[in-house]
Structures are given as C-alpha cells and as structure tokens.
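Colleague: I am new to this structure. Could you take me through how some of its labels were reached?

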There are 2 protein chains.
Amino acid sequence: MMTSNRQIILANHPVGMPTAEDLPLQESALPELQDGQLLMKNIYLSLDPYMRGRMSKAKSYAAGVPLGTAMQGGTVGQVVSSKLDGFAEGDFVLGFGGWQDYAVQDKTTLRKLDPSQAPISTALGVLGMPGFTAYAGLLEIGQPKEGETVVVSAASGAVGQVVGQIAKLKGCRVVGVAGAEDKCRHVVEAYGFDACVNYKDDDFETRLAEACPNGIDIYFENVGGKVFDAVMKLVNDFARIPLCGRIAHYNDTEAPQGPDQLSAFLTKLLVKRVLIKGFIQFDYAHLMKDFVKDMSSWMQAGKIQYQEDVVDGLENAVEAFQGLLEGRNRGKLLVRISEDPTR
Amino acid sequence: MMTSNRQIILANHPVGMPTAEDLPLQESALPELQDGQLLMKNIYLSLDPYMRGRMSKAKSYAAGVPLGTAMQGGTVGQVVSSKLDGFAEGDFVLGFGGWQDYAVQDKTTLRKLDPSQAPISTALGVLGMPGFTAYAGLLEIGQPKEGETVVVSAASGAVGQVVGQIAKLKGCRVVGVAGAEDKCRHVVEAYGFDACVNYKDDDFETRLAEACPNGIDIYFENVGGKVFDAVMKLVNDFARIPLCGRIAHYNDTEAPQGPDQLSAFLTKLLVKRVLIKGFIQFDYAHLMKDFVKDMSSWMQAGKIQYQEDVVDGLENAVEAFQGLLEGRNRGKLLVRISEDPTR
C-alpha cells in the first residue's frame, strides 16, 4: 500500500508567468479511503489555459485553488482501490485528480472509461472538456452556416483544432491563426483548414485579410491581443464571437497603455451588429449527450483528427504549463504521470 | 400649388456637436410628381440619436446623407396630392419625409395611419421605430425573465421609456438611469420603474449599486460612457446587453486617453459569461407584426404610457437635435413642422 504522494502545490499566487517557486513539488501522506471513495493512480494530467485563472486571487467563474493545496486539474487514471460502488480495482476513469500521483475521488467527479472505444487520453481532449468546449461554443454561440468564414485562434491547440474541424463539417471556410509555421501547416494538412496565418509574421494583418476575402462571420476567440484586434477589422455584419479564452492576457499584471480602445470597440459592435459572448463549457452541460454522440460518430467515421503533446513526468508539469501559456505545445498538452497500460 | 420647400441641408460633416452652419435652412423648388409618387406635407419630424451617424462620413449600417441634400428622417404628414394608388389627398401617412416642409414619397417608405386608432405622432414614437427598437432589443437579445433586474439608460427617452415598461410587464425589477432629477421622477411615477438613478450625481455608482441589490441581469445600453462603466461592475453571471446606442460618444472626435480598458472588459465578459450584441431595429423586421399587435393591446389596456417633447418649427430643428444629444429633451423628441389637424 502506498502511503505517500507527490503533489504540485500552489504555494503563492503567481505574478505574471507562474514559476517553480509558485508551484513546488512536495511529498504528502495519502488520506485513508472513506466509504464512497476510491483511490486512483493518475496516468494523464490535462494542462489547460483556464488553470492560470485558478492560480489567481481574482474572482472568476470557479473558485481559486487554496494556497498550500495541490493544483487541481482533470486526469485520467486507473483505480488502485475502491470503496465506491460500481468502480473496481483496475478500472480506467476520468476524474478531477489534480497535479499529483494519486487522488482520492468520489462519484461526483468520476466517469468510467472503456479503453476499447477510444484511447483513454482522449477523455481529456477531443472527447473531453476541450472538445466539448469547441462543440458548444461554435455551435451554440457561433451558429455556423454553410459558406460562412470561421476564424479560430490557437488553431492547433486542444480546442482550436476541434473548432476548425467541426466548422469544416458544417460547410464553412475555416481560417486558423497560430504562432508557428509548423502549427499552421499542421492544421491545414491534418485537419483540413482552408488556410492558417502566423500571427508572428510582420504582415499578419494583410495575410489574415487575404485569407478571409469575404470577411469574418465567426471568430472563435482563444487568445486576445493583436489577433483579436486584427479580426475586429474584418468582421462582417452580424458576426458572432464565442469568447472562450484570452491566453495572451492571463499573465497580464496591469492594463495596457492607452488610448482606450473600448469605446471604438463598442461602436464597432453596434455598427456591425456583432454578438460577443463569454462562455465556459459547464454552461452547456445539457448538450453533453449530443456532444458525445456526435463526436464519437465523427471520430469513428474518421472525420475528426487530433494531436496530443505528451510530456513525461509530474516533475515537468510546471515547465510544460509555462510552455502552454507561451504556445510551445503542439496539440492537446498532457503530462504522463505514470505509464499508460493500454498502449 | 406650392412650388417651394424649406429644407434643412447637410452642408458639412459636423466635427463634434452639429451646428447651424453644418445644417442650414434653405429654400428649394419642389420636383414634379411622377406616377407612383405622392406629395406629403410633413406635420411631425422625428429627431433620433441615430441621425448623428447619418451626418458623418464614417461607414455605418446606413449610408450617410449626401452633402448638399436634405437631412433624412421619419415624418408623419398629410397627403397633398397623389399619383400613388391607394393614397388620396387628405390621408395621414408615416413616411421618411426628412427635415423639410414637403416630401415626395413612393410606396417603399409609406404607411397609412388611422387617426382614430392612436394619435398620429405615436407612429414616430411608442408605436413606431423607437418603440419597436425597445421591443426587439429587450425581448430578443435581453430575454427578460421574471424577477431579473433590468437597467436601462436614457430611461426617459423614446426608447428607454418603452424598454422599462415592457420589462415591468415581464415581471422584472426595472432601474432607470437618466441625467436629471425630473427625468428620474417621471420614469418612476409615470412608467412604474422601481428606481431611477441620476448619472450626474457624485455618488452615482453607489446609488446604482443600491438600486440593484441583486446585481444586473440585463442592461439596455443607449448611452455609453460612465453609465456603461458603472453597470459593468454590477453585471451578474449570464447578463445580456442589448447594445442599442452610444449617445455619449456620437460627438467624440478621438479615442479617450488610456489606460486601455478593452482587455479588462473582455476578461469580464469571459468570467461572467456576458452576452453583448449590437443591433438596429431593421434586423428584427420579422417581429414587426408581433410588435404592432402587442403594443397596440398594451396601449389599449393602459399598460404603456408615453411622453412626447414637441418643438415647434422646422427652423428650430437643429437646436432641438443639439438638445437631444445633450439630453435636454423630455421624452420622445418631435419637431412640429406644420399644424396637426387631428388635435
């Protein structure tokens, strides 16, 4: 019986980019299992941009992680011992197991996984929260119509890659925005995007305009910053902007210098009759069944591809997370905490 | 037969507040009637904030008024002579007759009015474009639910007064924002708003917060500026913001000083999952029938009140329009160009 557990702890609220000092690795004792609980051994930890918000004091849609406790996060793992009906030793599960080797979980966060249906890691990606975020935001807020132009930022990321592929299935022209040539190539070649533009290019605005000759009807917003500014110059009347994330700003420590662009932005929304809506996937929980049905059938038909970027070792999670905020990952970022026995 | 016509001409694109130099009164000859046209004598000219946009060069949802031509605008008048089937001399009509004594109109802009059903001036107000703007924006974008808190700016204006009253009919708590004590009193006493706050008060933000103890679920935006900023501090999760107008900014000549508030604003939309959408009433033309039915029945049942602010004389239209942009009007602003024979 293991009684000790490696955890990455939130020691300080980071200022700007989170560091290893903010997020040290510590050993702690495992609590004893109560009835209705199980112990899972984490195999994959999902790293996602929203976690930057959980590290902050600022109020957000979810409570922050308390200082001195393990960082939270979705994990896929295997049951080590169970006092929870319906779950047995050896079962593979999706849970909210956090940045640690082992997690005690109860039924509120658990879903059993069938490794014969899909690789267990996809429960954290294309078949999990990022895929559902893409599905709900694009279809419910974006309301794509055939022939429309959809732009998606962080195009090669866990959410962006799914947004673009669903938009293609809906008959749209899909233009990705990413921060590296190989990312741009990948979304065109592997996911069938019509074009992808590198926002680090000097002539990014020109290239985006060229890639969107009929303007932009839907902008799936993951990043903010200069990409957002460039897109706003190209939006069509009645454009829709599902506002999913703002990665470029998660480490901001103060408001940008002026002039104040808010007034001009609101005037643009008015003149163009643009809709913009912030959302998180929890808001659309009622669509989860449809998502699982649609996404499973698309995957079985080979209509949805995905890319995972797997980093080995819990001790490398902080550096991997820094890379995520800087766009160094390629596809859905996972930390392999322990060996995946299904591969 | 009259052959001459007084017109207010757009002579220059105004910089900041429009002046009498930008909008001089001129005499011009009346064109001869063609088949399919009628000549209407304007009785009431509607003055509305959107007209400031029509005076500008900047692209908007409608083309600007060409320099050297009469300012455009909705009017109610009486037919002087007709070469248009279905319209006879003496008929009262709603048209797009502009800032002038007489207008040649064809069927594309005309609707016949029945003075026995409602005062003809209401076709420019509560039963016309402002009322429909209120109806469509509140119900389609705002989606008010019983018990929610609705804040409406320019509360005593042509649109605001209707927004608040429909929101009350839907069971909401309604809080107005206006720029004068008598306006605030009026919307509470005449329209049944639950509260109204004067944005010119030093402690405006505190008072608004006190008037919205459960936060704000819907903000019907007409003005921008400090009212918008104060509202954003109080929005609840899932708030909806129908973005109808930004009167406070129509005379802006440059972007406000920094810091740049846009980024913080978008983060707020994301964290609170707020929806904001610009709109104009034309976008909801398919609802016009429902509007006429609902509004007529509400008015016949005494459930909707309205206030008109009537200025006499076409020669006073520019000053009245300046007053509108400065909030000096009380209720729906109309210019009486000629006597109303129905009163």
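**From values to labels**

Colleague: What makes Cys184(B) buried?

Modeller: This is a predicted model, and in it Cys184(B) has a relative accessible area of 5%. Buried means under 20%, so Cys184(B) is called buried.

Colleague: How do you know that Cys184(B) is not bonded to Cys196(B)?

Modeller: The two sulfurs are 3.0 Å apart. A disulfide needs them within 2.5 Å, so this distance is too far for a bond.

Colleague: And why is Cys184(A) in no disulfide?

Modeller: Over all chains the count of disulfides is zero. For Cys184(A), the nearest cysteine sulfur belongs to Cys196(A) and is 3.1 Å away; the limit is 2.5 Å, so the pair does not count. Cys184(A) is also buried, because its relative accessible area is 5% and the limit is under 20%.

Colleague: Why is strand 15 of chain A described as mostly covered?

Modeller: Strand 15 spans residues 332–336 of chain A, and four of its five residues are buried.

Colleague: How do you know that strand 3 of chain A pairs with strand 15 of chain A?

Modeller: Pairing takes at least two bridges, and three join these antiparallel strands, so they pair. Ser46(A) stands opposite Leu334(A) there.

Colleague: What makes strand 14 of chain A a partner of strand 15 of chain A?

Modeller: Five bridges join these parallel strands, against the required at least two, so they count as paired. Asp309(A) has Leu333(A) as its bridge partner. Between the two strands the chain passes through helix 9 (residues 317–325), in a right-handed β-α-β crossover.

Technical notes
Residues numbered from 1 in each chain as written. Chains lettered and ligands numbered in written order. Predicted model: local features only at pLDDT ≥ 70, side-chain atom pairs only at ≥ 80, totals over all residues. Heavy atoms only, no water. Buried < 20%, exposed > 50% of the residue type's maximum accessible area, 1.4 Å probe, protein only. Right-handed = clockwise from strand over helix to strand, strands pointing away.
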